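Here's a quick briefing on a single protein chain. Take a look at the model first, then we'll go through it topic by topic.

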Amino acid sequence: MSRFPRSTPEAQGIASQSVSALVSTLESQNAHIHSFMLLRHGHLIAEGWWHPYCREDTHSLYSLTKSFTSTAIGLLISSGRLSLDDTILSIFPEDAPPNPSPNLQAMAVRHLLSMSNGHDTEVQDEMLAEHGNVIRAFLAHPVPHQPGTHFLYNSIASHILSEIVRKLTGEHLVDFLRPRLFEPLGITHYYWETRPFTTTTGGWGLHLTTADIAAFGQLYLNKGLWNGQQLIPAAWVELATSFKVSNGSNPDSDWEQGYCYQFWRCRHNMYRGDGAFGQYCVVMPEYDAVLAVNAGLGDMQLPLNAVWEQLLPAMQPAPLPEDPAAQSALAAQTAQLALPTIAGTKTTALAQQVFGRRYTVTEGMDGITAVQFDSHAEQTTLTLYKADDQIALSFGHGAWQYSEAAFHPRDVAVNGLVAEKSGIWQIAASGAWTDEHTYTAKLWWIETPFAWTFTCHFEGSKLTIEQCMNVGFE
């Protein structure tokens, strides 16, 4: 059963043509949007998944996770178990450094929530190694600014909020939120990382479906009310999503409109949670609307600009006349959404010499020592050989072929800290011969924003492989 009643866009005051134009704009920008859901007046009016991504997929939210962490802190504060003015040293006295500075002594929960805890830089992995404990490393880090006066985006500070939940409740953040938030919202299929720590990561690491993000946004739009149950106090929703600290002055940037308590202010008097490479939960109170998006893009401002320029002017206060033709066109458009496959031929004369031959890798492939191509019916298989393992990846021709492997093309990191799920990854891949001597393939790790493209150049007995990622951390 759907969590949202369905409606036509027109019944909720938006022309289907305007929604269709927004989708077309996102595609023309080559934005690599993976999915979206648009709610208005509590109704689902449009949704789409770009194949090979699909409705059931969970997707890494990266820093959109922080808004869920904030919610847990809000629940503790509302129950009287924590105060915004509780200092971090009072919560973790056993981890305090000797002779703490006045600024460290003044650092309180409100400062972690608003990214104004006084640091100039974030804790790095070498400090974790030195102190052996993320809380000790965080408290040992210099605090040159008076808390509350200086904004620094700080994912480790967000993680300390998770450590506070565990300290006060004895539960991991994910376990604390399960009965209080996830179960009431119908969030049942999810994953939340703990690496590289021993408790749920507070600043990143949550994997949810697009519908889960939309439900979270609708909950906040409803001031914490869901199906007649007040899951979050309305006062906390208002407090957590209102301006707390300045983070810039560019009127055209949605990253310089002010920061809240693990939420961002947006232009047009809106707010959002967001995560790296295009994971959004945009709440539009004045328009009574929510937009949930997962993506894999480099310029996170692009889709927000498109929403502000195309969608907002289309939102009318009253229902519009039904437009069956435009509604059918929008339905057809969203049903056919797909990320482009690699264009080229299925085989070449050279392919017959390449298939079945193992090529030694001498550099540049992160522990991979050899590769081998094979042809199987409608797909090509690439086997990657490592010292103690081998990984078989399947590529469709003109289609996305699904496979899975305990393999990621790089260690995705937050502050140099490995912060990805371990185990098996779901992969969708497409490949083709792009000229007589070149095979090109693209793989989407469909639980993440990431795509890996590699181009294989064959010259006699020599194979040269060029690699690139669509997005990534420096």
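Cys260 is buried, because its relative accessibility is 0% (buried means under 20% relative accessible area, exposed over 50%, partly exposed in between, using a 1.4 Å probe and protein chains only). This is a predicted model, so keep the filters in mind: local features need pLDDT of at least 70, side-chain atom pairs count only at pLDDT 80 or more, and totals for chains, interfaces and linings use all residues. Residues are numbered from 1 along each chain as its sequence is written, and side-chain values use heavy atoms, with hydrogens and water left out.

**Cysteines**

- How many disulfides are there? The count comes to zero, where a disulfide is a pair of cysteine sulfur atoms within 2.5 Å.
- Cys260 can't make one because the closest cysteine sulfur, in Cys266, is 8.7 Å from its own sulfur, too far for a bond.
- Cys456 is in no disulfide either, and its nearest cysteine sulfur, that of Cys468, sits 12 Å away.
- Cys456 also counts as buried, with a relative accessibility of 0%.

**The chain as a whole**

- The protein chain has 14 helices and 22 strands; these are DSSP runs numbered from the N terminus, with helices being H or I of at least four residues and strands being E of at least two.
- Its radius of gyration is 24 Å, which agrees with the value near 23 Å for a compact globule of 474 residues. That radius is taken over C-alpha atoms, and the globule rule is 2.2 Å times the number of residues to the power 0.38.
- Along the principal axes, the C-alpha atoms fill a box of roughly 70 × 65 × 40 Å.
- Of the 474 residues, 58% are buried.
- Take the contacts between residues at least 6 apart in sequence: 61% of them join residues at least 24 apart. Contact here means heavy atoms within 4.5 Å.

**Surface and charge**

- About 18700 Å² of the protein chain is exposed, and carbon and sulfur atoms supply 50% of that area. The areas come from the Shrake-Rupley method with a 1.4 Å probe; for residues, only the protein chains shown count as cover.
- There are 26 positive and 46 negative side chains, and the centres of the two sets lie 4 Å apart.
- For that tally, Lys and Arg are positive, Asp and Glu are negative, and His and the chain ends are not counted. Each charge is placed at NZ of Lys, CZ of Arg, CG of Asp or CD of Glu.

**Ser63 and its neighbours**

- You'll find Ser63 in the loop between strand E3 (59–60) and helix H2 (65–78).
- Is Ser63 buried or exposed? Ser63 is buried, at 13% relative accessible area.
- Setting aside residues up to four places away in sequence, Ser63 touches Tyr153, Ser155, Gly203, Asp274, Gly275 and Ala276.
- Ser63 and Ala441 are 378 residues apart in sequence, and their C-alpha atoms are 29 Å apart in space.

**Pairs across the sequence**

- Ser20 belongs to helix H1 (residues 16–28). Leaving out neighbours within four places in sequence, Ser20 is in contact with Leu330 and Gln333.
- Ser20 and Gln333 are 313 residues apart along the chain, yet 7.5 Å separates their C-alpha atoms.
- Gln353 is part of helix H14 (residues 351–354) and is exposed, with a relative accessible area of 57%.
- From Gln353 to Ser461, the C-alpha separation is 9.8 Å, with their positions 108 residues apart along the chain.

**Backbone oddities**

- The His51 to Pro52 peptide bond is cis, with omega near 20°; Pro52 lies in the loop between strand E2 (43–49) and E3.
- Arg195 and Pro196 are also joined by a cis peptide bond, with omega about 5°. Pro196 is in the loop between strand E4 (191–192) and strand E5 (206–208).
- His41 isn't a glycine but has a positive phi, near 50°. It lies in the loop between strand E1 (33–40) and E2, and it is partly exposed at 30% relative accessible area.
- Asn99, another non-glycine, has a positive phi of about 55°. Asn99 sits in the loop between helix H3 (88–91) and helix H4 (102–106), and it is exposed, with a relative accessible area of 75%.
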